[in-house]
Amino acid sequence: MKAGYRQRTAQRTKKDAALAGFVLLALFLAAFFIMNLDIIYPGISIEGVDVSGKDRQEAVRLLQKHMEPLLAGQKLVVTYNSDAWETGMEQIGGSYDYIRAVNEAYEAGKEGNPIERVLEILRLRREGKNIRLRFRYDA
């Protein structure tokens, strides 16, 4: 009777070990897949616009759609001594640096060793990250 019990226990231990190995392999493959996605990770926004799950081109188009109307109505007043001149942003070549902001969003969570990357991806999902757009103009 004791021999049969030991045999069943040994078989159960082998099954448990195989199951644990399978679960670890599945977790590793899922983490590898998530870390190598060619998209911006969840929790990332640019000027409050959620760009999570977007590739770089989609994120740039989304930002342009949201930000260009805001920029079009803006005026710039240049003052020198007692003189003042008003001009539109388009006249000075004013625009936002979408590419820099999208590249920063895309790189978030993609640096460091695999453990650091997974921890950063989880932190981004939990805490979020908002990236500021830089304004540029032609001099």
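Which exposed residues does the face of helix 4 turned away from its buried side carry? That face carries I115, L119, R126 and E127, where exposed means over 50% relative accessible area, buried under 20% and partly exposed in between (1.4 Å probe, protein chains only). This is a predicted model, in which local features need pLDDT of at least 70 and side-chain atom pairs count only at pLDDT 80 or more, while totals for chains, interfaces and linings use all residues. Residues are numbered from 1 along each chain as its sequence is written, and side-chain values use heavy atoms, with hydrogens and water left out.

**Helix 4**
- The buried residues of helix 4, a DSSP run (H or I, at least four residues; strands are E, at least two) numbered from the N terminus, are R117, I121 and L124.
- Seen down the helix axis, these buried residues fall within an arc of 65° (taken from the directions from the axis to the C-beta atoms), so they line one face of helix 4.
- At the start of helix 4, a side-chain oxygen of N113 comes to within 3.0 Å of the backbone nitrogen of I115.
- After helix 4 comes G128, with a positive phi near 75°.

**Aromatic rings**
- The structure holds two aromatic pairs, counted for rings of Phe, Tyr and Trp (its six-membered ring) with centres within 6.5 Å, and called stacked under 30 degrees between planes, edge-to-face over 60 and tilted for the rest.
- Y96 and F135 form an edge-to-face pair, 6.0 Å centre to centre with 80° between the planes, and this pair links strand 5 (residues 95-96) with strand 7 (residues 135-136), the two residues being 39 residues apart.
- Y96 is buried, at a relative accessible area of 18%, whereas F135 is partly exposed, at 36%.

How values were computed:
Polar contact = N/O pair within 3.5 Å; in protein donor to acceptor, adjacent residues only side chain to side chain.
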